[in-house]
Amino acid sequence: MSAVLVALAAVAVPARPALAYRPFDGTDADTAELGEFELELGPAHYYRLASQNFLIAPATVLNFGIFERTELVIDANQYVALGRLTAGTSRVSVMDDDVLLKHTFREGTPQGKTGVSIAAEGGVLTPELNGVVNVGASLDVITSYRWRYVTLHWNEWFELTRDHDADLYTGLILEGPHDWRVRPVAEGYYDKNFAGGSIESLLVGAIWHARDTFDLDVGVRGARDDGQNAVEVRLGLTWAIAMWEPAKAKE
């Protein structure tokens, strides 16, 4: 019901174009406009790791354009375990939460200019509810480039995890023609925890640009997570709204 209300609000409220970077784990080298709020919402994802089923309800990313080419990013996912619990699994937990700042250092073809776009996103991994209660740190360097028929985003993402281990994520996002109403997308990544363990992941899906301010997305992800099979189905939306109008420079 809440997702329906958000969708209706997106139609009714004046806003700026939405830039969906759901359903990916990585991101693009762009930021919300100054004065813009962008909601990335997955009302309910299905996730299975080994023999345990979960609903991720919701998966939430909040983006606030606080300065020119700079946004504040707040992430959080609520996991609801289904059926019989495996050892060490909580029925409800809030995980993958963080508070980050993202800045575009160079604007390129994704912003209608020339060359590559370069951005960095970094900040604090905050304590989880029924997860790891320590604090960690994150820094992601993103490069994006758009050709006529494909857009590529490359993420090199370093974390000092909440367990205080070093972790390196390398990921590539591919998108189909940006001017298509529905464009196919894919993402592959390799995530290495240097204390042991790794994740290999592949996602395929699509983004429907329903309105200038509103996108819908779907994705199916398969992964090998520390030797265990994982599968995930993602369905969500991106909605952008202008919270205030930036002051215009005097002529």
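**View 1. Leu202 sits in strand S11**. This is a predicted model, and we start with a single side chain. Is Leu202 buried or exposed? Leu202 has a relative accessibility of 52%, so it counts as exposed, given that the exposed class begins over 50%.

**View 2. Leu202 belongs to a nonpolar surface patch**. Zoom out a little, and the patch comes to about 590 Å². Besides Leu202, the residues that make it are Tyr46, Leu55, Leu82, Val204, Val220, Val231 and Val233. Which elements give two or more residues to this patch? They are strand S11, covering 198-211, and strand S13, covering 228-242.

**View 3. The chain has one helix and 13 strands**. Reading along the sequence, you get the pattern α-β-β-β-β-β-β-β-β-β-β-β-β-β. Among the contacts with a separation of 6 or more, 50% come from residues 24 or more positions apart.

**View 4. The C-alpha atoms fill a box of roughly 65 × 40 × 35 Å**. That box is taken along the principal axes. How does the radius of gyration fit, and what would a compact globule have? For 251 residues, a compact globule would come out near 18 Å, and the chain has 18 Å, so the two agree.

**View 5. Inside and outside of the chain, by the numbers**. Of the 251 residues, 43% are buried. On the outside, the chain exposes about 12,700 Å², and carbon and sulfur atoms supply 64% of that area.

Key. Residues are numbered from 1 along each chain as its sequence is written. This is a predicted model: local features need pLDDT of at least 70, side-chain atom pairs count only at pLDDT 80 or more; totals for chains, interfaces and linings use all residues. Side-chain values use heavy atoms; hydrogens and water are left out. Patches are made of residues with over 30% relative accessible area and no salt bridge: like charges are joined within 9 Å, nonpolar side chains (Val, Leu, Ile, Met, Phe, Trp, Tyr) within 5 Å. Accessible areas come from the Shrake-Rupley method with a 1.4 Å probe; for residues, only the protein chains shown count as cover. A salt bridge is a side-chain nitrogen of Lys or Arg within 4 Å of a carboxyl oxygen of Asp or Glu. Helices (H or I, at least four residues) and strands (E, at least two) are DSSP runs, numbered from the N terminus. Buried means under 20% relative accessible area, exposed over 50%, partly exposed in between (1.4 Å probe, protein chains only). The radius of gyration is taken over C-alpha atoms; the globule rule is 2.2 Å times the number of residues to the power 0.38. Contact means heavy atoms within 4.5 Å.
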